[in-house]
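Here's a walk through the model, starting with how far to trust it and moving on to the contact between the chains and what sits inside. Keep the structure open beside you as you read.

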Amino acid sequence: MHRKFNKWPFFLLTLISLLLTIGASAQPDGRQVFKSNCATCHMMDRPLTGPALDGAFERVKSFHGFDDEQTVQWLEKWIRNSQAMIQDGDEYAVQIFNEWNKVPMNSFVSLPEEDILAVIDYIQNWNNPEKYPVKTAQAAAAPAAEAGGTSAGASGGVSTNLLLIILLVSLLVISLILARVTKVLGKVSREMEGEELPAERPFYTSKKFVILVSVVLVSFIGFQAVKGAVSLGKQQNYAPDQPIKYSHKLHAGVLKIDCKYCHYNSFRGKTASIPSVNVCMNCHKYVNKGPDAAFKAQYQLDGPANDTVEIAKIYAAAGWDPKKQEYHKDKQKPVEWVRIHNLPDHVYFNHAQHVTAGKIECQTCHGPVEEYEVMKQFAPLTMGWCITCHRETKVDFNNNGYYDKYFEKYHEALDKGEINGVTVEMIGGTECQKCHY
Amino acid sequence: MDTNKYWQSLEELKSDPEFERKKYDEFPEKLPLASLMDDQNGKSPTSRRDFLKYVGFSITAATLAASCEMPVRKAIPYVFAPEQIKPGTAVYYASTFYDGSDYASILIKTRDGRPIKIEGNERSSINKGGTIARVQGSVLDLYNNNRKQGPAIKVDPAGPGKPVSWLDMDKKLLPQFGFLSGKGKEITILTSTIISPSTKKLIEDFKAKYPTVKHVQYDPVSYSALLDANKASFGKRSIPEYHFDKATHIVSFAADFLGTWLAPGEFAPDYAVNRKPENGKMSRHIQFESTLSLTGSNADLRVALKPSDLKLALLRLYNELASKSGAPLISAVPKTPADDKIKKTADELWKNRGNSIVICGINNRNEQEIVNGINEMLGNYGKTISFASACNYKQGSDKELAALITRMKNKKVGGILIHNCNPLFDNSMAAEFGKAVKNVNMRISFANAHNETDAIAQYFCPTHHYLEAWSDAEPKKGYFSLGQPGIRNIFDTRQFEDSLLTWMQDGLNPADYDTQDETENAALPASAKSEKKPKAYRSKFYEYIQAYWKENIFPLQSKFGSFQAFWDKALHDGVFEMPATEEDPVYSGDVISAATGIKSTVGMRGDMELTLYEKVGIGNGQYADNPWLQELPDPITKATWDNYVLMSVSDAEKFGLSANDQGRVFEVEANGYKVKLPVVVQPGQAAGTLSIALGYGRTVSGKAGMHVGKNAYPFQSFKNGSFQNIMHKAVLSDTGTHYKVARTQMHHVINSEGKLNQRTIIFEGILPELEHLTGHIKEKREEFKKINEATLYPGFDEVYSRGHHWEMSIDLNACIGCGACAIACHAENNVPVVGKTEVSRAHEMHWMRIDRYYTGEDMENPDIVFQPMLCQHCDNAPCENVCPVNATNHSSEGLNQMAYNRCVGTRYCANNCPYKVRRFNWYDLLGADSIAGNEKPIMDGGVYGVDNFGSGDIMVNELTRMVLNPDVTVRSRGVMEKCSFCIQRIQEGKLAAKKEGRELRDGDVKSACMQACPTHAITFGDGNDPDSKVARSLKESDRTYYVIEEINTRPSVGYKAKVRNRSAEEDMERKKHVRSEADNHEEEAHS
């Protein structure tokens, strides 16, 4: 009887929370929509290619004297096709267009209405932490560190290890002193008894000592050799100088440009693709100098303020003449980036597999890129690292139609609660020919 | 049935001790260690000190190499990325293959902008998604180092051409056309057959501009006689359409229609349609021939006759049928050894009037006219043979070539444009042509690779490779096909048609020579386009084709209202089919005079006769420079990298050759031409017949083709208006020397312990006793099940029942043994080429080989079974448990995996594989190592004292390596490899399904061999999906069996037993037939 009473509220609660989650997940996240569609040209708190969007809602409202609903309608129309509004002669629209050097805003004709509404909501409430809680980069990177295993564990362990070593060394010293003391005492007592003692030999000629020293030496050298051999070809934390001092911290961290905007092949192809210069030019046609000193200070960015040197390199590569605002095809020259993540030839790695099918966050393998001024290799990219993750990561088993057929056993076991998830390994993710062929 | 004795070579049949030894040794030669350590005196040439030196050096070198820093690698993205290129993802373009002899509608697989593989286009009703080996191999020619780099003009007649720019070339040539034309001098465009309607129209336009232009077409392996005979019989010089899918009876006189004759890519799939015994009936195929051909080896009944008898047999067949139909008989036809069979054939044909096809591969008008007469009597025209959609594959005329030579001799010709043919090599008049052409003032060659004709050309205007060019084709009337490029031209070449278009202009516009790339322009942002108008270099011929289609082809259909929509669809599909329905012409042939002609030629026959034939691999010699195709073992002789004289077993005995005398060099003389070639004794070769393959003996070519074999074209004679491939008199003389022909037939033999008949490698039967066969298979398989109840790995069945289980079904009845799968596997899986020397040491690397088994007692005419053999992916794999480092192991999807990076090269697995499908990398054959010294130049030659292969590598260079599939590891020296069931394709298919969140559909994953197979003999898929084609094919057919199932390897590849459509009596006769009888027949025939 007791049980029955206890169960019901739980069940109801679960049901309600479930419904809430479903309801919530159906609503697009304004921040997400903003990141993937708007962030390349707009920031909230400062102008970029386009105006700062903070207070945009109020500005429209007050200019036209709209109520909230009318403002939303106006903004929606503007986002869908601003050029049409300008041509229709909307006064405010024309004013903004002229203010911004007549650079037309991209039109989002096919963006779903709920996405647009979500963005408008985000514009109004972006700095309201209750609606849009602050996400930290560390939160995303945390699982990566766990999976990596190599860099983690050290910080917590150092002090204990040190203590242990100190303890051991002191014990050794004490025991050595004690041994010496007993030896000297014994010698003295025997001398006092009048025994004839042999001449004392220096300790380093003793057989025991020689053996001990050689064992220690051989073990040390062997250990170092094996350690060195294991790390051959590993390039963790490799951060070479790049031909253009591109800062992920500025673009992905501060400006919050979605990773997939530039690395647009990561979710559809084998390679994530280093962006071609035309992707840079989407924004840098208009953004022709780096952030100012105040901005740099605010976000703790390295490098000189108002820098034009690096952006000029993009223009040189694209053959872009910023004065005449035109491309010179014959002057184009691709940028030769230094490749950081190198896998051996016999490894097949596919980004789409992990990003689209596996729904893995970029940071899991690449670390908190949005904090890097200089890009570096975060993960060791060793086979052990791959395998560890494949053993631990659970597959999105119930939500991907691919797994519906042929895996009845696992579905049954899941339903019965015998297993709490299907890992990559369980569907063959650690077999040789999943990566080597 | 398995009571037959199966054998793969004469050595095996005679239990030659050398053969017996090789059967047991997976690796036929000893390790070279022995030579390093011992010499004859028992003293080692390598002293202890030397040994220590080597050890010391190796360790130091290894240390130095290992401690090197990681290299800095660059990643260079596009400046403006073209939209359609997704890095790391393959893009397919529908296109058209036509090389002057074979047509195929294809898909070009491109990775990051470079074509790496050819696939058949399933939308084409001609090749129906399949391809032949030469089509698969053609992609390698794109990256051939022998290609010409750009236009050149020869100043010194003996020296090479001096590179010039296209503008300079055109400045020089353009005025000459007008000048020559004005003087009334002929300008000849000499080509092989052209099936492009746009090119034909263009040549007409060119003629209109310069009225003295003449277009001469000839085909290296000629079909001129067939065309001329049709002109005589029907008043129409064209080749009809053959519907092998509609014919119940097929009788072929030496026409290798599955391998080389006319259009194997079209005939093979059609032929296979009626070869499924499950339907209760099969087509009946009877082949009369002298040389055992690919087609003959698939026939239900094959009759081996020497060429003269073959011709007479044709006449006798005519007479048999004429006596039934009441047509006038041919008088006084001598007897042939096969008269009884001809009579039976005639009865069968007569009973199935209107449902049969009779064809003949002899290039002589007389024979072809008789065949026309036979088909007319049988009422086949309009039914199985039809002129409604006549084929255009061959249009050449031997007579016109001869006439051209005469005109050139008489200095009537002022200019010659040579395109897509090699007249100084590929015909018997090559020498004469070479002399006569010197009388021509302007000699232009369009060849895109160096060839024999370079010697006489002055102006080199290299055309694009077909994968770089726009094209269209009309292989059969009303069947249109579009070809688009898969890559921008690699070298400074210009399409033949663009050259013609340029020379048709009144003047030159230097602005046209700005070769700005169209695709790059397309990727430019709108602002760049509008502000600076790029001088678009768009192939002018592209626009020409489009205009032609708009005017001539678009109006044929009514589905699309706008031309753009029609064009886009045609370009996307690759084909547009609107079969023409022309009325069949009326037959009015004169058989009697043709017969007289035949009788008179046969009357002059000698003891030995010579026939010339084409090999499946290199065709007419066009592909002699293609290492994949050179290394493809001939389906019948299993020889690579050579041509040779084929000789029958009885003739070999007459010349005193034992089985070990394979490769004895003889001098063959016929038609006033002599050549020294090694002999290959071939079961199935008709007694009294010698055969030599055409296309070998190239003297100007790339490294692979140069001096391989001997040229047989000069044997041909020009008689009766066509080049004759049969010489009725040939003289043989023994040189006493030997030459090693690299044959693979004795390599990788599945061991049977001398009891092949008791092992289940092959099951075969005959159609009337199909139930007996299936019953026998069932009985055997149940017996095996009992034997195999015990297993080493209990409990794995559950694992294999989860997820996918990849399986393959191969229908031995559909497999014709053509080798397209082997070449497709080369391209897909970066399988290296090893070269002749290594092949002869059994080091060939083919993952997929086609075993050819002989059966029957009659050495002059054994039955043949082809069996594609690849890794069987055994669930109880014997290779896996002997690997000391676990480099080969089993996946949960039933795949026998091979991890190259773990393999240490003990080769235990290969030794333990009962199917002999594992291959070891003795050298770094594709340049996988960074240490150049490990690379093996594949054509080192010299081993047999004949250093005729030049030196240097063929596959390991920057250009050729572009063909490699980036999804497949390039294996380095010292590792084992084998078929992976195209794991990269499996993974690609699964990923596509996962990304879309749907289940994997049957057909999403096709192995390369399955895709290439022209007869759809191979089915691949997920055996755990009960509805998949492969599961149904394996489970529902009673013919399914597994090779050596009794040893409990539990393979994943099932085979379907071979069934021949012949009566029990015929079958008995074939089995009993002994050689003495054949000899008797022969004597009768001669008397």
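This is a predicted model, and in chain A the average pLDDT is 81, with 88% of the residues scoring at least 70. Confidence in chain A bottoms out in helix H8 (residues 137-148), where the mean is 42, and peaks in S3(A), at 93. Two stretches of chain A also deserve some caution: pLDDT stays under 50 over residues 1-7, with zero contacts beyond four places in sequence, and the story repeats for residues 9-25, again under 50 and with zero such contacts. Where pLDDT is low, the predicted coordinates should not be read in detail.

Here are the chain A spots side by side:

| Part of chain A | pLDDT |
|---|---|
| Helix H8 (residues 137-148) | mean of 42 |
| Strand S3 | mean of 93 |
| Residues 1-7 | under 50 |
| Residues 9-25 | under 50 |

Now for where the two chains meet. Chain B puts 49 residues into the contact and chain A puts in 50. On the chain B side, strand S2 (74-75), helix H17 (526-531) and helix H28 (983-996) are the elements that give two or more residues. H28(B) has the largest share, with six residues. Sorted by class, the chain B side holds 23 nonpolar, 14 polar and 12 charged residues.

S2(B) does something else here too: it pairs with strand S3 (residues 337-338) of chain A, antiparallel, over two bridges. In that pairing, A:Val338 stands opposite B:Lys74.

On to the cores. The largest nonpolar core has 283 residues, and B:Val645, B:Cys821 and B:Cys1009 touch the most other members. Helix H10 (residues 307-325) of chain B gives the most to this core, eight residues. Which residues does B:Val645 touch, not counting those up to four places away in sequence? They are B:Phe666, B:Val668, B:Leu677, B:Val679, B:Leu690 and B:Ile692. Apart from the largest core lies another, of 42 residues, and its members include A:Ile96, A:Cys259, B:Tyr78 and B:Phe80.

One charged residue is worth a click. B:Arg971 sits in the loop between strand S37 (919-920) and strand S38 (976-977) of chain B. Is B:Arg971 buried or exposed? It counts as buried, because it has 26 C-beta neighbours inside 10 Å and the cut-off is 20 or more. Beyond its neighbours within four places in sequence, B:Arg971 is in contact with B:Tyr900, B:Asn921, B:Ala928 and B:Glu977. B:Gln505, on the other hand, is 52 Å from B:Arg971, C-alpha to C-alpha, and 466 residues apart in sequence.

Key. Residues numbered from 1 in each chain as written. Chains lettered and ligands numbered in written order. Predicted model: local features only at pLDDT ≥ 70, side-chain atom pairs only at ≥ 80, totals over all residues. Contact = placed C-beta atoms within 7 Å. Helix = DSSP H or I, 4+ residues; strand = E, 2+ residues; numbered from the N terminus. Nonpolar A, V, L, I, M, F, W, Y, C, P; charged D, E, K, R; others polar. Pairing = 2+ DSSP bridges. Buried ≥ 20, exposed ≤ 12 C-beta atoms within 10 Å, placed from the backbone. Core = buried A, V, L, I, M, F, W, Y, C linked by C-beta atoms within 7 Å. pLDDT = per-residue confidence, 0-100.
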